[in-house]
Amino acid sequence: MSENFVSDRFGFSGAEVLSAWREQGVSGSLLSAAEDWRREAEAADAAAEGALPAGRGVPRASYVYEGREVVEAALAALLSGEHLLLVGPKATGKNVLAENLAAVFGRPDWNVSFHIQTDAEALLGADTLAKGAVVFRPGPVVEAAQAGGFLVLDEINMARNEALAVLHSLLDDRRMVDVPGHGRVRLSPAARMIATMNYGYAGTRELNEALASRFVVLRLPPLSEAGVVHLLEKACPELSKAGRGVLGKLFSAMEEKHAQGEISSRAVDLRGLLAAVRLMRRGLSPLRALSMGLVDKCMEEDERGIAEDVLQLFVAKEAKPDEFFA
Ligand SMILES: Nc1ncnc2c1ncn2[C@@H]1O[C@H](COP(=O)(O)OP(=O)(O)OP(=O)(O)O)[C@@H](O)[C@H]1O
Ligand SMILES: [Mg+2]
């Protein structure tokens with residue numbers, strides 16, 4: 001593995017995610033049930049040869065989701081055959097959790113990023129011309145439904161509600177959808193939908209009641225300071241204990257300023273904190289890296305000034321990256 005390819009540094013198999021969750025204290029019976037489920041689904045795949053489209057594999061997780069209670073709720077829901085709607089502010093690990101679940105349950109994953117123009121064809125597929133003949137090119141919903149995949153419906157509330165109506169019959173007890181010009185598609189017993197939504201981003205809407213009714217809802221809380229420190233320990237093992245501690249305190253101080261209404265949520269960005277660690281690793285000064293990852297996301301000057309002051313409470317101007325690494 002080369003240090004130059006960031007993606008190589010991450011990547012946990014389903015078994016690795018399971019053992020990290022065991023360490024977090026996640027219920028052993030739920031973890032074993034997930035392992036049994038995986039074995040059964042794999043046996044069913046082997047019996048139905050060729051069920052998986054070529055080139056589709058089980059994802060590796062880029063991070064391990066932190067949060068015992070949420071993990072237990074998600075495992076229980078999927079083991080019960082439910083589809084999950086993950087709701088939470090930005091960077092609360094919605095996609096990380098969805099990816100972890102696909103890895104743990106050993107299923108190939110599909111992802112649809114919803115936008116205002118997402119329509120039935122984008123989801124189900126459409127006729128296209130290939131070598132002069134009209135052929136049906138299946139969309140992600142059809143592929144995942146047939147292959148028993150985990151389909152992430154990302155930012156589902158960005159789409160127009162009418163466009164989502166095609167999912168209704170697939171997601172309720174009918175477990176099928178009639179695709180015009182193609183025929184009936186059934187939802188494989190192993191298939192699960194994991195939708196994500198984030199209130200408050202520009203352009204998001206309410207999810208209509210009919211669709212919401214077809215999911216169980218899991219609200220993802222922001223990480224506590226201890227949670228941030230633990231995430232840093234796992235995701236950035238090169239940080240020193242003291243370095244993790246400072247970053248955890250900085251992050252919760254930003255959260256507090258936001259809770260007091262002094263700054264918006266822009267500087268409370270776990271994604272940005274992790275990015276800053278990578279920049280520091282490249283030799284950027286901690287102050288510069290953390291400004292790029294957190295403070296400079298505040299677009300209003302006043303707000304940025306407050307976030308900058310918070311940063312300087314924890315990180316001196318002349319601090320060197322070495323002070324953060326073991
Ligand atoms: N509870 C958590 N466990 C592990 N990682 C987390 C957690 N919360 C946030 N993160 C980190 O935050 C970053 C963003 O995660 P992810 O992309 O899953 O967020 P999201 O909720 O989908 O955000 P958005 O709404 O902006 O799409 C990742 O680096 C992830 O590791
Ligand atoms: Mg996301």
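**Exercise 1. Find where ligand 1 sits, and describe that place.**

Step 1. Ligand 1 is found in the largest pocket. To sit there, more than half of a molecule's atoms must lie within 2 Å of the pocket's grid points. A pocket is an open set of points on a 1 Å grid over the protein atoms alone, with protein on both sides within 12 Å along at least five of seven lines; its lining residues have an atom within 4 Å of a point.

A word on the ground rules: this is a predicted model, where local features need pLDDT of at least 70 and side-chain atom pairs count only at pLDDT 80 or more, while totals for chains, interfaces and linings use all residues. Residues are numbered from 1 along each chain as its sequence is written, chains are lettered from A and ligands numbered from 1 in the order in which they are written, and side-chain values use heavy atoms, with hydrogens and water left out.

Step 2. The largest pocket has a volume of about 990 Å³, taken as the space filled by probe spheres set on the points, which are joined across faces, edges and corners.

Step 3. Its lining counts 41 residues, and Lys90, Ala91, Thr92, Gly93 and Arg271 lie nearest the centre. H5 gives the most to this lining, with 5 residues; helices here are DSSP runs of H or I with at least four residues, numbered from the N terminus.

**Exercise 2. Work out what surrounds ligand 1 and what touches its oxygen atoms.**

Step 1. Count the shell: 19 residues surround ligand 1, and the closest are Glu66, Ala91, Lys94, Asn95 and Val96. Being near takes a heavy atom within 4 Å.

Step 2. Place the shell on the fold: helix H5 (94-105) and helix H13 (270-281) each supply at least two of its residues.

Step 3. Look for polar contacts, pairs of N or O atoms within 3.5 Å. A polar side-chain atom of Lys94 is 2.8 Å from a ligand 1 oxygen. For Asn95, a side-chain N or O atom lies 2.7 Å from an oxygen atom of ligand 1. Val96 uses a polar backbone atom, 2.8 Å from an oxygen atom of ligand 1.

Step 4. Taken alone, ligand 1 exposes 630 Å², and the protein buries 94% of that (Shrake-Rupley method, 1.4 Å probe).

**Exercise 3. Search for enclosed space.**

Step 1. In a cavity, a 1.4 Å probe fits but cannot get out. The whole structure holds 1 cavity of 30 Å³ or more.

Step 2. The largest cavity has a volume of about 60 Å³. Its lining is Ala20, Glu23, Gln24, Val64, Glu66, His230, Leu231 and Lys234.

Step 3. Helix H11 (225-235) is one of the helices that supply at least two lining residues; H11 gives the largest share, 3 residues.

How values were computed. A polar contact is a pair of N or O atoms within 3.5 Å; within protein, one must be able to donate a hydrogen and the other to accept it, and residues adjacent in sequence count only if both atoms are side-chain atoms.
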